[in-house]
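Welcome! Here is a short tour of a few helices and a surface patch, written for someone meeting this structure for the first time.

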Amino acid sequence: MRPVDRVVAIAAVPAILLVLAQIAYPLTHGVGRDRVTVAVVGLSAATALVHAGVTRGLRWATGLLVIVSGAGLLAEVLGTATGVPFGAYEYASGRLGPELAGVPLVVPLAWTGGIYPVWVVAGLLASRKSTAAPPRSRTGGPQLSGVRASAAELLSSPAGLRISLTALGAVGWDLFLDPQMVADGQWRWTAGAAGLPGLGQIPYTNYLGWPAVALVMAGLLESWDRTAPDTRRARVVPVAVFLWTWLGSALAHAVFLGLPVSAIYGFLGLGVLGIPLVRGLMARRITLRPLGHGTM
């Protein structure tokens, strides 16, 4: 077995277990479903961390965990205490294991497991975009023109695009996650506010808070990304997890969980990344091959 093949095999183990646990989710109820939920979260985080560890090193994987789960925990503790940035909500007590300040400790791991494949796919898409900076405006003062030009350069750069796409993908993922967990009673909003049509139990503020938090995570990840080389090894694993999350969740919500509205919202939301990804893969404009020698 070639070295790259071994990396793919190692990275694929938790991903396969994750898929099996997610398949089991709609088949369980009560305490059994709570245990499956915890298993899904743990396996999703393990899938991200194992892939990061075997492809970029233990140090980089540790930083990934600290950045995403750390920021996720801070956002959740702040959110449950103050209602910022998601809106006023609370977790069901005693269902998902140990808690800190009313937040189950598995929840920060869910952020890592969910954001990582989105981050990888956002990087693939951003690398295909033009990095040409727009011309500077000849009107206005030099300082204002410079600020505008710098902002435009950032947004049009691969790094800026990746950060923006990660935030959009995070919202798409949450369009599946929140309706599913609210329907299962894992958390609830405690203050009435307007929501999306068909998802009135989840306030619109939730979908403003998610991109805000994801932008912070993605910005920190972009800086951390430079501390270890990315050879693109075993990218097929997080990309496959992304596609499974997108298409599998749409199917599960529509057919097995009785959540057709969130099936549509989630499919369209995560499709902002999923559709161009599939088109790029089919047209071979996006490749999952590692840099240098090896097979994929």
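In which helix is the place of histidine 51? Histidine 51 sits in helix α2; helices are DSSP runs of H or I with at least four residues, numbered from the N terminus. This is a predicted model, where local features need pLDDT of at least 70, side-chain atom pairs count only at pLDDT 80 or more, and totals for chains, interfaces and linings use all residues. Residues are numbered from 1 along each chain as its sequence is written, and side-chain values use heavy atoms, with hydrogens and water left out.

Histidine 51 is buried because its relative accessibility is 4%; buried means under 20% relative accessible area, exposed over 50%, and partly exposed in between, with a 1.4 Å probe and protein chains only. Leaving aside residues up to four places away in sequence, the contacts of histidine 51 include Ala11, Tyr116 and Arg233, a contact being heavy atoms within 4.5 Å.

Two helices can be checked for length, with an expected span of 1.5 Å times one less than the number of residues.

| Helix | Residues | Expected span | Distance between end C-alpha atoms |
|---|---|---|---|
| α2 | 30-56, 27 residues | 39 Å | 39 Å |
| α7 | 206-225, 20 residues | 28 Å | 28 Å |

After α2 comes glycine 57, with a positive phi near 105°. In α7, the buried residues include Trp210, Met217 and Trp224.

Now for helix α1. Valine 13 belongs to helix α1 and, at a relative accessible area of 47%, is partly exposed.

Conventions. Helix = DSSP H or I, 4+ residues; strand = E, 2+ residues; numbered from the N terminus.
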